[in-house]
Amino acid sequence: ILLKGPQNVMAEYRRSDLKSRFKSLWSNLRFVCTLPTTTTFSRNPIWLLGLCYHASDPSRLSPFDDQERWEHFREFRTDFVSRSWLTYRREFPCLEQTHISTDAGWGCMLRSGQMTLLEAFVRHFLGRDWRVQKATSDQAAVYRDLLRLFADVPSDTSPFGVHSLVGISVKKGRCAGQWFGPAQVSYLIKDSVNHSHTMFHKLKSLRVYVAQDCTVYMGDVEEMLQRGREDTGGQNCAVLVLIPIRLGGETLNEIYFPCIKALLSMDESVGIMGGRPSHSLYFIGWQDEKLIYLDPHYCQNVVDMQPDDFPLTSFHCIEPRKVSMNRMDPSCALAFYCRDWSNFRKWCHDAEPMIIPPRQRGSYPFFTFNPGRSWEYLDGVTPPTSRSHSSSTSSPCTRSPGHRNSPRRPGKSRVTTYSLHLHRPGEPVPLGLMGHDVDDEMEQDSFLVVDKTDSRTDKQADHDHCS
C-alpha cells in the first residue's frame, strides 16, 4: 500500500475481481454450451470404476426387457452420483502473493487430480460400495472430513486444496495461475500426500507411487509399503499408483481403445486424469466406444466447510456425460488403488495382458512392470540409505540375470535403448521413449540406439553417440 498507494491497490483488486468474475462466467457458459441435450445409453454393459451394470447375461444376444434395464441403469446412476465432483470455485481467499480468487480457466487438471485422490481416499476409508444416498451418520461424517482436506482455504488442515497444491508447485518454480499437465499433477499429489503425513496420522496408511518413464518398479512399491508399515505400527498400507503416459502424437491412437476400456474395468481402477486437448476431464467409466466422465469446468461458489453439516449438493454431479474415445487427448495419467502388497501384486498380474494392444505385430504396451528398483536402472536416482545394493539383490523382486531389464553390472558399458520403432504404413505408432538398459551384445536392429557410455567405466566420454 505504501508503494502503490491505497487507491491503486483498490483499483487493482477491483480489476482482479472483475477478471475473476468474467472467467467464471465464461467457464459456465462453455460448460452449458458443451452440455448435450440428452446423454443416451445403449443396452450394452456400462462400466464404472470396475463395476459392470448389465441386466442380462453377456452371452445372450436377445435384449433384456425395459424394466430390468431401467433397474440396472438406476443402480448405475446411484453409483455415478456418489462419485465426488470437484469443480472450479470462485471467491475463495486469494492465492498467496496474488489477487487470484478463482481457478477458472487454469485449474481444471488440478481438479481432476483432486477427484482422483479423493476417490482413492473414499475407497480406502469407506469402500467401493459406499453410496452417498445410503450413507449412515458415521459414514457421512467421515466423508465430510475427507472433503475438508480439499477445502479451498490457505490452511494446513486442507493439504489437498488449491492453495496447498499451488503452494507446492510455486516452490518447484511454477507460477500461480498456470495450467498443469497430468504428469505434473501426479507429482503434486504425491508431494501433498507425503506432506500430509506429518499432520494427519490416519493418512499415513495411504501412499502414492508415480511411475517413472512408463515403468512401474515393483521393488520401489514394496519398499514404500514396508516403510509405511513401520510408520503405522505394523498396519498394512494401501498405495495409489499413478502412471503418466502419452498414447500417440497429436491424437489418441485407436489401437489403445481396448486397453483403456480394460483398465477402467479393473477393480483397482480409480479413473484416468485426462480430457480433450486443453480441456481436462476425469474419466471414470465407459460404454461402447465412449468414455463416461466428470467435468470440473463448472464454476461454483466456494463452500464453507467448517459447519458439521455443510451441504454436499455442489460436490456431486447428477447427470452422467460421455465423450467419444477418439476425442480423448493422448496425454493422461492412469490411477489405480491397491489396498495392500498382495492386492498390488494381483493387480500387476491381472494388468499385464491388458496393457498390450490386441492383434498387433509388435508389443507396444501402455507401460511396463519391472520387479526391481528404480535406482538399479535409472541415472540420477540414488538408492535409499536404509537399504544397501547387496540386500536388494536377494529380494524376490530382482530380475534374473540376462533379462533385458536386469540391473547394471559394474565394468560393462551401458547402452540405453529407446523403443522408437520405424513406422511403416499400417503399423501402430509406438508410445514414445521408454528407456531400457541392455547388454552390448544384444540385437539393436529395429530400434534407435543411444550409446551413452557409463561414466564409471569410461571417463573420456563427453557426448552421446547415435547409431
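# A guided tour of the predicted model

Begin by selecting K322 and F41: the charged end of K322 sits over the ring of F41, at 4.4 Å from the ring centre. The model on the screen is predicted, and residues are numbered from 1 along the chain. For a second arrangement of this kind, select R174 and F180. The charged end of R174 lies over the ring of F180, 4.7 Å from its centre.

## Aromatic pairs

The next stops concern rings that pair with one another. How many aromatic pairs does the structure hold? There are 21 of them. Select F283 and Y293 to view one of these. Their ring centres are 6.4 Å apart and their planes meet at 80 degrees; because planes over 60 degrees apart count as edge-to-face, this pair is described as edge-to-face. F283 belongs to strand β8, residues 279-287, while Y293 belongs to strand β9, residues 290-294, so the pair ties together parts that are ten residues apart in sequence. Are these two residues buried or exposed? Both F283 and Y293 are buried.

Next, select W347 and F367. These two rings form a stacked pair, with 6.4 Å from centre to centre and 20 degrees between the planes. The pair links distant parts of the chain, 20 residues apart: W347 is in helix α9, residues 341-351, and F367 is in the loop between α9 and β13. W347 and F367 are both buried. Now extend the selection to F336, W341, F344 and F369, which ring pairs link with W347 and F367 into a cluster.

## Strand β7 and its partners

Select residues 269-276, which make up strand β7. The strand is mostly covered, with eight of its eight residues buried. Which strands pair with β7? One is strand β12, residues 331-338, which pairs with β7 in the antiparallel sense over three bridges. To see where these strands face each other, select I272, which stands opposite L334 in β12.

The other is β8, already visited for F283. Five bridges join β7 to β8, and the two strands run antiparallel. Here M273 stands opposite Y282 in β8. Follow the chain from β7 into β8 to reach their hairpin, which has two residues between the strands. In this hairpin S278 takes a positive phi near 60 degrees.

## Further positive phi values

Most residues other than glycine have a negative phi. Two more exceptions can be visited in loops. Select Q97, a residue other than glycine with a positive phi near 60 degrees. Q97 is placed in the loop between β3, residues 89-90, and α3, residues 108-125. With a relative accessible area of 80%, Q97 is exposed.

Then select C214, which is not a glycine and yet has a positive phi of about 60 degrees. C214 is found in the loop between β4, residues 206-210, and β5, residues 215-217. Is C214 buried or exposed? Its relative accessible area is 14%, so C214 is buried.

## A contact across the sequence

Select G249, in the loop between β6, residues 238-246, and α8, residues 257-264. G249 counts as partly exposed, at 43% relative accessibility. Add S331 to the selection. The two residues are 82 residues apart along the chain, and their C-alpha atoms are separated by 9.0 Å.

## Pocket and cavities

Turn now to empty space, beginning with the largest pocket, which holds about 580 Å³. Its lining consists of 24 residues; E96, H163, S164, G167 and I168 are those nearest its centre. The elements that give two or more residues to this lining are α5, residues 162-171, and α6, residues 182-196. Which element gives the most? It is α5, with seven residues. By character, the lining of the largest pocket divides into ten nonpolar, ten polar and four charged residues.

Cavities form the last stop. The structure holds six cavities of 30 Å³ or more. The second largest of them contains about 80 Å³ of space. To display its surroundings, select L86, T87, R89, R111, F150, A151, D152, V302, V303, M305 and F315, which line it. This lining divides into seven nonpolar residues, one polar residue and three charged residues.

Terms used:
This is a predicted model: local features need pLDDT of at least 70, side-chain atom pairs count only at pLDDT 80 or more; totals for chains, interfaces and linings use all residues. Side-chain values use heavy atoms; hydrogens and water are left out. Rings of Phe, Tyr and Trp (its six-membered ring) pair if their centres lie within 6.5 Å; planes under 30 degrees apart count as stacked, over 60 as edge-to-face and the rest as tilted. Helices (H or I, at least four residues) and strands (E, at least two) are DSSP runs, numbered from the N terminus. Buried means under 20% relative accessible area, exposed over 50%, partly exposed in between (1.4 Å probe, protein chains only). A charge sits over a ring if NZ of Lys or CZ of Arg is within 6 Å of the ring centre and within 35 degrees of the ring normal. Two strands pair if DSSP finds at least two bridges between them. On a 1 Å grid over the protein atoms alone, a cavity is a set of points where a 1.4 Å probe fits but cannot get out, and a pocket is an open set with protein on both sides within 12 Å along at least five of seven lines; lining residues have an atom within 4 Å of a point. Grid points are joined across faces, edges and corners, and a volume is the space filled by probe spheres set on the points. Ala, Val, Leu, Ile, Met, Phe, Trp, Tyr, Cys and Pro count as nonpolar, Asp, Glu, Lys and Arg as charged, and the others, Gly among them, as polar.
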